[in-house]
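Me: I'm new to reading protein structures and would like to go through one with you. Could we take it step by step?

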Amino acid sequence: MNHFLSRNSVDELKPLLEKARQIKQNPFEHATLGKNKTMVLLFFNPSLRTRLSTQKAALNLGMNVIPLNVSQAWGVEFEDGTIMNFDKAEHIKEAAAVISQYADIIGIRTFSGLKSKEQDYGEIVLSQFVKYATVPIINLESATVHPLQSMTDLFTIEEYKRKTRPKVVLTWTPHPRALPQAVSNSFVEWIKKTDYELVITHPKGYELSPQFSKDCTVEYEQGKALEEADFVYAKNWSSFSEYGKIISKEENWMITAQKMALTNDAYFMHCLPIRRNVVVEDAVLDGPNSIVIQQAKNREIIAQTVLSELLKNKSKF
Ligand code: CP
């Protein structure tokens, strides 16, 4: 693995999940693997879990970490060949090359703007960093995917599953703000490569990009989708076809205890942060089958797994 950008960065997932299991048992076994190595974490957008879990994972490996809120640095121009006489003071070509002088690994969080499908799905920020940096890049959630979250979700399902082929339901839920599709795209991208039964449910008009949902089962009746589910993964996303828009509020799509009763005693999952009594009612989130905190704990384990791989492979980069 040279970079960790999406599911495509991982050839063999099973050994990585096994490695994650070992790290969870003994997180300080390789406490000097990252000695004298530095990770720079660039945040174009807010974060609680990704920032802290990735930092903690790096510290467990003996790395130094420098987080930077990019809004406090110079504005970066990402297009090649532009005349830079507007507000952007620095080109990605220099910025990425300079950061690479200080960093052995660079983590980048850069959300979709939800204005231009072409720009977002072109992943310009991430791809320009990959092009111009000279060290490995970790995607901390980009415009279209959130691989650290999805690998964590998969690892968590592996920990909690009660049968070899669980039914996993990704359900759209209401939200007052237009949110990116990244977490949902990514969840589908990772889960569809397993042998789990995956069902996606959402109101009409919220179809995910075919780039991710191709060949997936989509059920427009939420109640039907939830029947016999072993895991319910709740997430809001804005429309892909009417790009970035909330096309209907569908407040009755909130996950309730009544709906969870349709399932096979399913575990409730969400990447967090979550809006209580909008996305899910308190009774579910505070109930015994909610594993959202365990999921968040596993973010550290998966970040450490990915960092270990990148540090080991760095000599080949
Ligand atoms: N799930 C997740 O990525 O959380 P943060 O946005 O707080 O990092």
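Me: How many salt bridges does the rule find across the interface of domain 1 and domain 2?
Reply: Happy to help, and keep in mind that this is a predicted model. The protein is divided into domain 1, which covers 7–145 + 298–316, and domain 2, which covers 147–295. Across the interface of these two domains, the number of salt bridges found by the rule is 1.

Me: What is the distance between the closest N and O atoms in the salt bridge of K24 with E159?
Reply: Start with where the residues sit: K24 falls in helix 1 (13–25), while the number of E159 lies within 147–295, the range of domain 2. A salt bridge is counted when a side-chain nitrogen of Lys or Arg is within 4 Å of a carboxyl oxygen of Asp or Glu. K24 and E159 satisfy that rule, and their closest N and O atoms are apart by 2.9 Å.

Me: Which helix gives the most residues to the side of domain 1 that touches domain 2?
Reply: Several elements each supply at least two residues to this side, among them helix 2 (49–60), helix 4 (117–122) and strand 6 (137–139). The top contribution is 7 residues, and it comes from helix 12.

Me: How many residues of the side of domain 1 that touches domain 2 are nonpolar?
Reply: Domain 1 brings 33 residues to the contact, and domain 2 brings 34. On the domain 1 side, 9 residues are polar and 9 are charged. The nonpolar residues on that side number 15.

Me: What is the area buried between domain 1 and domain 2?
Reply: Carbon and sulfur atoms give 66% of this area. On the domain 1 side, R7, L114 and Y121 supply 27% of what that domain buries against domain 2, more than any other three residues. The whole buried area between the two domains is about 2800 Å².

Me: Why is the protein said to be as compact as a globular protein of its length?
Reply: The protein has 12 helices and 11 strands. For 317 residues the globule rule gives 20 Å, and the protein is close to that value, so it is as compact as a globular protein of that length, with a radius of gyration of 20 Å.

Me: How many residues apart along the chain are D230 and K163?
Reply: The structure holds 14 salt bridges, and the side chains of D230 and K163 meet in a salt bridge at 3.2 Å, N to O. D230 lies in the loop between helix 9 (222–226) and strand 10 (231–235), and K163 in the loop between helix 6 (147–160) and strand 7 (167–172). The pair links distant parts of the chain, and the separation is 67 residues.

Me: Which residue has a positive phi although it is not a glycine?
Reply: Look in the loop between helix 4 and helix 5 (124–132). The phi there is about 50 degrees, and the residue is E123.

Me: Is the peptide bond from L272 to P273 cis or trans?
Reply: P273 is found in the loop between strand 11 (267–269) and helix 11 (282–285). Omega for the bond from L272 to P273 is near 0 degrees, and the bond is cis.

Me: What separates the C-alpha atoms of K131 and I92?
Reply: K131 has its place in helix 5, and its side chain makes a polar contact with the side chain of Y132 at 3.5 Å. K131 and I92 are 39 residues apart along the chain, and their C-alpha atoms are separated by 9.4 Å.

Key
Residues numbered from 1 in each chain as written. Predicted model: local features only at pLDDT ≥ 70, side-chain atom pairs only at ≥ 80, totals over all residues. Heavy atoms only, no water. Domains from an automatic or database assignment. Contact = heavy atoms within 4.5 Å. Buried area = accessible area lost by both parts, 1.4 Å probe. Helix = DSSP H or I, 4+ residues; strand = E, 2+ residues; numbered from the N terminus. Nonpolar A, V, L, I, M, F, W, Y, C, P; charged D, E, K, R; others polar. Rg over C-alpha atoms; globule rule 2.2 N^0.38 Å. Polar contact = N/O pair within 3.5 Å; in protein donor to acceptor, adjacent residues only side chain to side chain.
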